[in-house]
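Colleague: I should like to learn how to read the overall fold and one helix packing from a model. Could we begin once the structure is in view?

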Amino acid sequence: MAESESNISVPHLKSLLQMDPYLKPFEKDFERRYGLFEKQLAFLEEAEGGFDHFTRSYESFGVQRLQDNSLVFKEWAPAAEALFLTGDFNGWDKFSHPYAKKEFGKWELHIPPKEDKTPAVTHNSKLKVVVHTSAGERLYRISPWAKYVTRHEKSVIYDWVHWDPPQPYIHKHPRPQKPRSLRIYESHVGIASPEGKIASYSNFTHNVLPRIKDLGYNSIQLMAIMEHAYYASFGYQVTSFFAASSRYGTPEELKELIDVAHSLGIIVLLDVVHSHASKNTEDGLNLFDGSDSCFFHSGPRGEHSLWDSRLFNYSSWEVLRFLLSNLRWWMEEYKFDGFRFDGVTSMLYHHHGIGSGFSGDYNEYFGLQVDEDSLVYLMLANHILHTLYEDCITIAEDVSGMPTLCCPVQQGGLGFDYRLAMAIPDKWIQILKEFKDEDWNMGNIVFTMTNRRYGEKCIAYAESHDQALVGDKTLAFWLMDKEMYTSMSALIPMNSIIDRGIQLHKMIRLLTHSLGGEGYLNFMGNEFGHPEWLDFPRIGNNESYHYARRQYNLVDMDHLRYRQLYAFDRDMNRTEDNYGWLAAPPAYVSVKHEGDKVIVFERANLIFIFNFHPFNSYSDYRVAVGPAGKYKIKLDSDEIQYGGHGRLDHNTEFFTEAMGLNNRPNSMMVYIPCRTAIVLANEEIDYCY
């Protein structure tokens with residue numbers, strides 16, 4: 001190693017080790033990681049004039065139109081013998097337009113404008129790169145930097161389409177400020193309609209955005225935007241990294257969607273997949289220049305055995321250029337506000353998390369099993385994004401529990417803002433599958449909700465798209481199953497299954513929202529108890545769209561109880577917006593009573609009370625309180641409008657007594673009906689947060 005590790009200074013490592021002294025034995029690991037990160041930054045400065053220029057490589061690679069309407073095509077194909085451009089513009093002549101070979105595996109082609117001074121390649125015309133390999137093969141490829149690709153109805157392969165509209169969409173609205181409390185609506189454009197077809201960007205803009213705004217979510221996480229040839233991959237087998245999926249519409253329509261979201265005060269995050277890539281060759285990155293390396297590791301290291309996909313070589317200069325520029329492209333061109341990084345666990349470890357249980361022993365997170373090339377890539381990505389875009393938000397999907405994932409890079413961390421609290425949805429599914437209501441363990445539920453690293457922010461969720469996929473089902477369907485087909489009418493009395501399901505659906509969500517993290521996520525449709533599961537059209541289901549849609553029409557029917565669950569989710573988000581518990585420090589839990597099935601905690605000067613008992617109500621239940629004063633109900637899952645039984649009087653005022661309880665200075669008596677959750681606020685406190 002050129003530089004002694006002892007000479008490396010991580011600026012704020014001391015504060016990290018004070019916060020978590022158990023990380024002290026791994027001090028050298030942090031120094032080495034930070035040293036590698038600094039070295040890459042220095043290389044960028046030296047070779048490329050800094051990361052600002054380097055991450056705008058989409059302005060030089062792929063195809064660029066110059067001021068005089070001449071076109072410049074540029075690719076990186078180190079193993080190729082020759083490159084040609086063919087397409088509609090030259091009658092698909094395979095040899096008339098050769099690229100010139102440049103240094104470091106780069107290839108360039110200049111095409112002057114036509115006689116009438118218009119570009120030689122017109123907007124919306126098809127192109128292909130023809131790659132000649134050293135083995136004498138002739139391959140037809142899509143540029144890795146292609147900004148738009150489409151598939152003809154009868155074709156399997158996508159086509160590279162030159163996208164240069166005469167009137168590109170101009171964003172009208174500035175990005176909203178970064179929210180202090182993040183309430184995310186996880187969305188998939190293609191299924192965002194009750195109709196059995198692929199829905200459009202335009203449908204989402206006009207029909208779904210107003211619902212998201214009404215529900216009180218301030219952030220949308222858009223899945224399956226980066227182009228993927230196989231629809232049923234849910235967008236996780238990316239084929240064209242710079243292309244917004246054409247199956248929902250045009251790039252300009254996606255820009256409009258984001259712009260309209262911004263006008264509503266909603267930020268938009270992209271579900272970005274930099275952990276792996278599709279194995280497709282003709283319309284993917286795989287074997288682009290004929291070699292099995294290029295963008296990926298060669299041999300077994302370049303293959304993910306479970307995902308059947310290719311793995312990037314994060315130590316390659318041109319791969320860093322490609323991926324970091326890809327992040328910048330989505331921020332600049334489309335005005336996304338940040339990213340949810342998919343498959344981070346696979347990136348962090350050479351074993352990709354396969355067969356690893358992750359017990360929480362710190363030795364699992366350091367040492368030879370860690371892939372420091374990809375770890376440094378993530379540090380670079382977060383550093384660059386947060387330097388260029390102050391309000392950018394990054395979220396990591398990591399199941400391993402890697403310490404410092406959400407600590408600043410200057411502290412020795414990876415620099416993410418949030419991580420997904422992936423144990424919480426698993427816990428809810430396990431409880432509903434394995435335990436009778438009277439056997440629910442309050443302590444275990446609270447432990448799962450609160451078991452997160454101090455100082456690292458989490459996004460809590462009761463269920464995401466993962467839980468709804470075929471083979472599993474939504475929480476509502478776990479709770480009510482086939483009764484949802486016949487018994488969701490509000491015109492008839494609830495039977496016991498629907499009653500239980502509706503009450504627990506609300507309580508599970510509120511407990512997760514208020515206790516589980518510093519942000520909250522909901523997958524589209526699940527807020528109103530969407531029935532059944534998700535399944536994309538494929539051979540195994542006769543290419544059916546029946547389960548690849550969201551039945552928003554259920555909410556629009558006044559006589560169905562879905563409307564009641566929707567109303568509760570809306571008011572839960574609006575109550576959080578008023579009081580800001582997600583932006584507050586973690587809760588103080590004063591009660592987790594196994595016999596009573598009661599959980600009580602305090603957060604953001606609010607008192608949260610949950611009675612999970614299936615039939616015991618408590619008329620004079622003493623609960624611990626911090627600040628003294630008069631408390632009133634601000635949210636009540638038992639309200640009639642939410643499908644409850646209306647057993648609480650909202651005019652009731654609860655006065656604290658100077659009687660200490662469970663390490664709190666005050667307490668008060670409350671009435672808590674069975675299967676009910678209530679939120680109480682102190683009338684004498686100013687809650688501006």
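Modeller: Start with contacts, meaning heavy atoms within 4.5 Å. Of those in the protein chain between residues at least 6 apart in sequence, 72% join residues at least 24 apart. This is a predicted model, where local features need pLDDT of at least 70 and side-chain atom pairs count only at pLDDT 80 or more, while totals for chains, interfaces and linings use all residues. Residues are numbered from 1 along each chain as its sequence is written, and side-chain values use heavy atoms, leaving out hydrogens and water.

Colleague: What percentage of the 689 residues count as buried?

Modeller: Buried means under 20% relative accessible area (1.4 Å probe, protein chains only). In the protein chain, 61% of the 689 residues meet that criterion. The C-alpha atoms fill a box of roughly 85 × 65 × 45 Å along the principal axes.

Colleague: At what angle do the axes of helix α2 and helix α8 cross?

Modeller: Helices are DSSP runs (H or I, at least four residues), numbered from the N terminus. Axes are lines fitted to C-alpha atoms over the stretch in contact, with angles from 0 to 180 degrees between N-to-C directions. The axes of α2 (residues 27-48) and α8 (residues 372-388) cross at roughly 60° and come within 9 Å.

Colleague: Which residues meet there?

Modeller: From α2, R32, R33, Y34, L36, F37, Q40 and L41 meet E372, L375, V376, M379, L380 and H383 of α8.

Notes
Helices (H or I, at least four residues) and strands (E, at least two) are DSSP runs, numbered from the N terminus. Buried means under 20% relative accessible area, exposed over 50%, partly exposed in between (1.4 Å probe, protein chains only).
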